[in-house]
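Grab a pencil and open the viewer. Below is a set of short exercises, each with a worked solution.

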Protein chains: 2
Amino acid sequence: MTDESVLELITGRQDRMRPSERKVAAAVLADPAAVVHMSMAGLADTAGVSEPTVMRFCTGLGFSGFQAFRLGLAQSLAVGIPVTHSAIEPDDPVEAMAGKIFDHTLSSLDRTRRSLDTAAVAAAVETLVRATSVHFVGLGASGIIAQDALQHAVLFGVPCTAPVDLHQQYMAAAMCGPGEVVVAISNTGRTTSVLEVTERAKRAGAAVIAVTGGPGPLADLADVAIVLRTFEDTDIYTPTVSRLAGLVLVDVLATAVAVRRGPAHLERLREMKEALSVFRGSADGSRNVT
Amino acid sequence: MTDESVLELITGRQDRMRPSERKVAAAVLADPAAVVHMSMAGLADTAGVSEPTVMRFCTGLGFSGFQAFRLGLAQSLAVGIPVTHSAIEPDDPVEAMAGKIFDHTLSSLDRTRRSLDTAAVAAAVETLVRATSVHFVGLGASGIIAQDALQHAVLFGVPCTAPVDLHQQYMAAAMCGPGEVVVAISNTGRTTSVLEVTERAKRAGAAVIAVTGGPGPLADLADVAIVLRTFEDTDIYTPTVSRLAGLVLVDVLATAVAVRRGPAHLERLREMKEALSVFRGSADGSRNVT
DNA sequence: CGAATCTGTGTAGTAGAACTACACGACGAT
DNA sequence: ATCGTCGTGTAGTTCTACTACACAGATTCG
């Protein structure tokens, strides 16, 4: 599993390619979905080159042959074409926009999955398991992630907070003692307020887990830094995928910690989930999300 | 694009299959990743049947042949194997759990994408464009979606609210007038409090958009019902994907509405995003998410 | 400035793959 | 008990991916 999609790979290398291979690249980029169902001869024909050229194109990309290339391309497409390759146009109908946004989200989460540093995640889990209490801090979209993490508090098994107010965040950080953990969330990793809160928490003796979109001040500051790589939000139309990646990470952390806490803890959770069904009219207690 | 993954398709049909085809199904289900790189002869061999049987298996599933089947399988796998087919075990290492949760999330969002009723989304956009103000209501995980929607309020271009408190939600609903829109979010679609709020909003003359995980009381009540199909959360280990699907939908609605509001509105948005950079130490104004 | 080499491309051939027509055996029905 | 049908494997065919080789153009070195 590489951390780059086939489409990215082609785009990146096409200027280093030989002229005729570049023709193939153009043909693939023009209509990737069609290429998936083509034979080698078909692609060679539409690109206006010979079959061996297509073959060289595939091997040059690192694939063992045309078959492997086609398979890889199919997988990249399944996960969705990022908006980098199909931007959202103002006059798109709603269906097209929905499709593009879902595609972009999926491919972006796919990148996060591929580039995720599992060792860092494991370290974070270890830290959280040892924690006596956990504080989630973040502003804006990252604040949403913090609030969502709080909803999973029962899974973490220790008292959790996620103050929405910045001052309250700072107060919580300042009152931290050893054994407490602060999870600082910021996609940019350079939101000054969050950095200040984090610094204060460290000084107070708390362990800091940073959740960020890339290296930066926040990651440097933290004891454990989890980087969530997504496709950058360059355009105004571009949906903000970073918060989704954050939520998935919350899922991972919460379940991993819950599992580590042992079967007794899980049993209590199950009972709690069943009890939640009183808020619903039907007696269907198997569902667990409102 | 069908709304079922290949793995689901096989699982669903395997009891209606002929004995030898069932062998093939078992072989595929046992190690789908390996099958992707097999030849027809290879699969026939590991399943203990002849090549034409494999062929019949593929055509029986609705594929034109083995090639098409293998391609479809590859795409299903790229999107991730849902936990239905690879459950989370308590003694999984963190890396495995992270992988499975990401896989499950991706495949679940893929299902949402495939089964999304774009006509309903278009209708919702239409309703929102006409709105004089919008209120988002929901509790628990769905409350998170409401809060996230509020973060996109600027995109909607009209005053938005998303009260966290249930009573405040009810009050907002009761004070609605014609032209106002209530977006009611509930994955189960049967959370009684949310139903009450929604009913009250309708009586007050507001248009109601329901965001729910399936048909039910809430969907019946709404003027426009958007159903987000995900993989059901049956297990306690299972991550809760419904909120992610909700967030993506929020993205879709927000961008679609913003685009519909015209270029002047978009220009104001761009300026606002640039202004947001003052909260960051660096002068990097191109990023837009904290 | 010319010859040699090397890079880039297409041609021809081959092994193997996917797909198809057919035949055999087993089971159920009349 | 025999006929028919359903399920399965065998043998053959076509088309596919892949490979070895040869030619043309550019480049470089004598």
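The exercises start with one chain as a whole and then move on to the partner chain, the DNA and single residues; keep in mind that this is a predicted model.

**Exercise 1. Get a feel for chain A.** Work out how many helices and strands chain A has, what share of its residues is buried, and what box its C-alpha atoms fill.

*Solution.* Start with the secondary structure: chain A has 15 helices and five strands. Next, the overall extent: along the principal axes, the C-alpha atoms take up a box of roughly 70 × 50 × 40 Å. Then burial: of the 290 residues in chain A, 50% are buried. Finally, look at the contacts with a separation of 6 or more: 65% of them join residues 24 or more positions apart.

**Exercise 2. Look at the annotated domain.** Which feature does UniProt place at residues 4–80 of chain A, and how much of that stretch is helix?

*Solution.* The UniProt record, an unreviewed entry, lists "domain: HTH rpiR-type" there. Now check that stretch in the model: residues 4–80 of chain A are 73% helix and 0% strand. The C-alpha atoms at its two ends are 13 Å apart.

**Exercise 3. Find the inward side of H1(A).** Which residues of helix H1 (residues 6–13) of chain A are buried, and why do they sit on the same side?

*Solution.* Step one is to pick out the buried residues, which are Val6(A), Leu7(A) and Ile10(A). Step two is to look around the axis: they cover an arc of only 100°, so they end up on the same side of H1(A). Step three is to see what they pack against: helix H2 (19–30), helix H3 (32–36) and H6 of chain A.

**Exercise 4. Map where chain A touches chain B.** How many residues of each chain are in contact, and which element of chain A gives the most?

*Solution.* Count first: 68 residues of chain A are in contact with 68 residues of chain B. Several helices of chain A give two or more residues to this side, among them helix H8 (118–130), helix H9 (141–151) and helix H14 (242–260). The top contributor is H7(A), with 11 residues. Sorted by class, the side of chain A that touches chain B has 34 nonpolar, 22 polar and 12 charged residues.

**Exercise 5. Walk along the two DNA strands.** Which residues are the closest to DNA strand C, and which come nearest to DNA strand D?

*Solution.* Take strand C: 18 residues surround it, and the closest are Arg18(A), Ser20(A), Met40(B), Gly65(B) and Phe66(B). Elements of both chains give two or more residues here: H2 and helix H5 (51–60) of chain A, plus helix H4 (40–47), helix H5 (51–60) and helix H6 (66–78) of chain B. This surface divides into eight nonpolar, six polar and four charged residues.

Now strand D: of the 18 residues around it, Met40(A), Gly65(A), Phe66(A), Arg18(B) and Ser20(B) come nearest. Here the elements giving two or more residues are helix H4 (40–47), H5 and H6 of chain A, along with helix H2 (19–30) and H5 of chain B. The split by class is eight nonpolar, six polar and four charged.

**Exercise 6. Find the hub of the core.** Which residues touch the most other members of the largest nonpolar core?

*Solution.* That core has 176 residues, and the ones to pick are Ala184(A) and Ala184(B). Zoom in on Ala184(A) and skip residues up to four places away in sequence: among those it touches are Val137(A), Val194(A), Val208(A) and Leu218(A).

**Exercise 7. Buried or partly exposed?** Classify His135(B), Leu166(A) and Arg200(A).

*Solution.* The cut-off you need is 20 or more other C-beta atoms within 10 Å for a buried residue.

- His135(B), in strand S1 (residues 133–137) of chain B, has 26 C-beta neighbours inside 10 Å, so it counts as buried. Its contacts beyond four places in sequence include Thr161(B) and Val182(B).
- Leu166(A), in helix H11 (residues 166–174) of chain A, has 15 other C-beta atoms within 10 Å, so it is partly exposed. Beyond four places in sequence, Leu166(A) contacts Leu139(A) and Ser193(A).
- Arg200(A), in helix H12 of chain A, has 19 C-beta neighbours inside 10 Å and therefore counts as partly exposed. Leaving out residues up to four places away, Arg200(A) touches Tyr170(A), Ala173(A) and Ala174(A).

Key
Residues numbered from 1 in each chain as written. Chains lettered and ligands numbered in written order. Predicted model: local features only at pLDDT ≥ 70, side-chain atom pairs only at ≥ 80, totals over all residues. Contact = placed C-beta atoms within 7 Å. Helix = DSSP H or I, 4+ residues; strand = E, 2+ residues; numbered from the N terminus. Nonpolar A, V, L, I, M, F, W, Y, C, P; charged D, E, K, R; others polar. Buried ≥ 20, exposed ≤ 12 C-beta atoms within 10 Å, placed from the backbone. Arc of directions from axis to C-beta. Near = placed C-beta within 6 Å. UniProt positions renumbered as here; feature names shortened; annotations may be inferred. Core = buried A, V, L, I, M, F, W, Y, C linked by C-beta atoms within 7 Å.
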